[in-house]
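Trainee: I am new to this structure and would like a close look at a single part of it, the interior. Please begin at one residue and work outward from there in one connected account.

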Amino acid sequence: QVQLVESGGGLVQAGGSLRLSCAVSGRSFSRYAMAWFRQAPGTEREFVAVMHVSGMTIYEDSVKGRFTISTDTAKNTVYLQMNSLKPEDTAVYYCATDLYYNGTYSAEHWGQGTQVTVSS
């Protein structure tokens, strides 16, 4: 059974940076696409970034140029480097796998989430 455990969230001032980590266990890490989503209070969960098995990455428009998704197959870990953070990036961030697309990305397996708060 696949397990996803996020870490690295916290409180940061606008303009600052954070790196989120997601440790993956229970499967062959390199054979599946990995993604990050986020959910702000009172809103639906939204797609942030995906890395496909090919290495191709896709980002939500508002994070392009600021966020970078990457993986370390030796550590079975996926990262989200977040730079130039804005207050509107405040959300719970989720790692996910077993993705599907029906007009927007979603997933079968999710981590528990890690809170990111950006102060103005």
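Mentor: At 0% relative accessibility, Cys-22 counts as buried, a word that stands here for a relative accessible area under 20%, with exposed meaning over 50% and partly exposed the range in between (1.4 Å probe, protein chains only). Before going on, please keep in mind that this is a predicted model, in which local features need pLDDT of at least 70 and side-chain atom pairs count only at pLDDT 80 or more, while totals for chains, interfaces and linings use all residues. Residues are numbered from 1 along each chain as its sequence is written, and side-chain values use heavy atoms, leaving out hydrogens and water.

The partner of Cys-22 is Cys-95, and a disulfide joins the two with an S to S distance of 2.1 Å, where a disulfide is taken to be a pair of cysteine sulfur atoms within 2.5 Å. Cys-22 belongs to strand E3 and Cys-95 to strand E9, so this pair ties together parts that are 73 residues apart in sequence; helices (H or I, at least four residues) and strands (E, at least two) are DSSP runs, numbered from the N terminus. Cys-95, too, is buried, with a relative accessibility of 0%. The torsion about the S-S bond of Cys-22 and Cys-95 is about -80°, and the disulfide is therefore left-handed. The structure holds one disulfide.

From the disulfide we can turn to the nonpolar interior. The largest nonpolar core has 25 residues, and those with the most contacts inside it are Trp-36, Val-48, Phe-67, Ile-69, Leu-80, Met-82 and Tyr-93; such a core is a set of buried Ala, Val, Leu, Ile, Met, Phe, Trp, Tyr and Cys residues joined through side-chain atoms within 4.5 Å. The elements giving two or more residues to this core are strands E3 (18-25), E4, E5 (46-51), E7 (67-72), E8 (77-82), E9 (91-101) and E11 (114-119). Strand E3 gives the most to this core, with four residues. Leu-80 shows how such contacts reach across the sequence, since residues up to four places away are not counted and Leu-80 still touches, among others, Leu-20, Trp-36, Val-48, Phe-67, Ile-69 and Tyr-93, contact meaning heavy atoms within 4.5 Å. Apart from this core lies another, of eight residues, among them Ala-35, Phe-47, Val-50 and Tyr-105.

The interior also holds a charged residue. Arg-38 lies in strand E4 (residues 34-39) and is buried, with a relative accessible area of 6%. The side chain of Arg-38 makes a polar contact of 3.0 Å with the side chain of Asp-89, and another of 3.3 Å joins the side chains of Arg-38 and Ser-62. A polar contact is a pair of N or O atoms within 3.5 Å; within protein, one must be able to donate a hydrogen and the other to accept it, and residues adjacent in sequence count only if both atoms are side-chain atoms. Setting aside residues up to four places away in sequence, the residues that Arg-38 touches include Val-48, Phe-67 and Tyr-93, three residues that are also among those with the most contacts inside the largest core.

Aromatic rings add a further layer to the picture. There are five aromatic pairs, counted when the ring centres of Phe, Tyr and Trp (its six-membered ring) lie within 6.5 Å, with planes under 30 degrees apart called stacked, over 60 edge-to-face and the rest tilted. Phe-37 and Phe-47 form an edge-to-face pair, 5.9 Å centre to centre with 75° between the planes. Phe-37 is in strand E4 and Phe-47 in strand E5, so the pair ties together parts that are ten residues apart in sequence, and both Phe-37 and Phe-47 are buried. Tyr-101 and Tyr-105 likewise pair edge-to-face, at 5.0 Å centre to centre and 70° between the planes. Tyr-105 counts as buried at 16% relative accessibility, whereas Tyr-101 is exposed, with a relative accessible area of 55%. Ring pairs link Phe-37, Phe-47, Tyr-94, Tyr-101, Tyr-105 and Trp-110 into a cluster.
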